[in-house]
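These are my notebook entries on a structure that I had not examined before. I set down what I looked up, in the order in which I looked.

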Amino acid sequence: MDTRFRVGEVIVRREMLDGLEWLVHPVRVAGDDEHALAVYLARGTPLTFGHGDFRWGPHPWRALAPEWQSGGVLQLQRPGDGYAVWGRWDGDGLREWYVNFQAPFIRTERGFDTLDHELDLIIPGDGSPYRWKDVEAFEERVRTGGFTAEEAAGVRAAASRVADLVECGECWWERWREWAPPAGWEVPAAVALTAQGGGAPGAG
């Protein structure tokens, strides 16, 4: 789909696993053009978890509170990229860019689909050296067959590309450093599952 979403519009982000909805929640559009789709996930956003015999088991956040617990994050993703860059702010400005490796996003009528690929990269907002996160969890999922060899190679390739961008200073996401959610952006309501039977809201 090539339809652009409107700034301020509430759309649906779905994590799809085994052809089924694993995690579904609303986000609000911060920008959408040929360069990137930017969405905002607000603190307190309700999360809905899918049911089924997923190869990775139930979503790990199911045991937590049924909403996004962390502060609001801006999620930036470009077409074809195997990652999204999340901006996290605190009272002193940008705290960090959090690179979430995930399946390239696919537009839908309601929003977009992707799937978290476990591995993450943290880039401190103050210019300190970046650091990897969840490397062991990613490698364990590879070892136990949670990723195919092709999928694992794709994640490693995306990680290498991002590290190169950071080391070369070609951080395309930096243009969003001063962004802030507009006043009046309320927390969206929960969204229901569509690809399978009913689900309960169920944290980040």
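Entry 1. I began with Gln77, which I located in strand S5. The model is a predicted one, and I read every entry here with that in mind. I asked whether Gln77 is buried or exposed. Its relative accessibility is 1%, so Gln77 counts as buried. I then looked for a polar partner of its side chain and found the backbone oxygen of Gln75 at 3.1 Å. Leaving aside residues up to four places away in sequence, I listed what Gln77 touches: Ala36, Leu37, Val39, Tyr83, Ala84, Gln102, Phe105, Phe112 and Trp172.

Entry 2. I turned to the nonpolar cores. In soluble globular proteins, nonpolar side chains tend to be buried together. The largest core here holds 36 residues, and Tyr83, Phe101 and Trp173 have the most contacts inside it. I noted which elements supply two or more residues to this core: strands S2 (20–32), S3 (37–41), S5 (73–77), S6 (83–90), S7 (93–102) and S10 (116–124), together with helix H2 (149–168). H2 contributes the most, with 7 residues. I also recorded a second, separate core of 15 residues, which includes Phe5, Val27, Val39 and Val73.

Entry 3. I examined H2 next, starting with its length. Its 20 residues should span 28 Å at 1.5 Å a residue, and the end C-alpha atoms lie 29 Å apart, which agrees. I found Ala152, Val155, Ala158, Ala159, Val162, Ala163, Leu165 and Val166 of H2 to be buried. Why do I place them on the same side of H2? They cover an arc of only 160° around the axis, so they share one side of the helix. An α-helix has 3.6 residues a turn, so residues three or four places apart point the same way.

Entry 4. I looked up what covers the buried residues of H2; the elements include S6, S7, S10, strand S11 (131–133) and helix H1 (135–143). On the face turned away from the buried side, I found the exposed residues Ala149, Glu150, Glu167 and Cys168. Just after H2, Gly169 adopts a positive phi of about 75°.

Entry 5. I checked the cysteines. A disulfide is a covalent bond between the sulfur atoms of two cysteines. My count of disulfides came to 0. For Cys168, the closest cysteine sulfur is that of Cys171, at 9.2 Å, which is too far for a bond. Cys171 is accordingly in no disulfide. I compared their surroundings: Cys168 is exposed, with a relative accessible area of 57%, whereas Cys171 is buried, with a relative accessible area of 18%.

Entry 6. I closed with backbone angles. Most residues other than glycine have a negative phi. I noted Glu118, which is not a glycine, yet has a positive phi of about 80°. Glu118 is found in strand S10 and is buried, its relative accessible area being 18%. I also noted Asp134, another residue other than glycine with a positive phi, near 65°. Where is Asp134 found? I located Asp134 in the loop between S11 and H1. With 26% relative accessibility, Asp134 counts as partly exposed.

Notes
Residues numbered from 1 in each chain as written. Predicted model: local features only at pLDDT ≥ 70, side-chain atom pairs only at ≥ 80, totals over all residues. Heavy atoms only, no water. Core = buried A, V, L, I, M, F, W, Y, C linked by side-chain atoms within 4.5 Å. Buried < 20%, exposed > 50% of the residue type's maximum accessible area, 1.4 Å probe, protein only. Helix = DSSP H or I, 4+ residues; strand = E, 2+ residues; numbered from the N terminus. Disulfide = S-S within 2.5 Å. Expected span 1.5 Å × (residues − 1). Arc of directions from axis to C-beta. Contact = heavy atoms within 4.5 Å. Polar contact = N/O pair within 3.5 Å; in protein donor to acceptor, adjacent residues only side chain to side chain.
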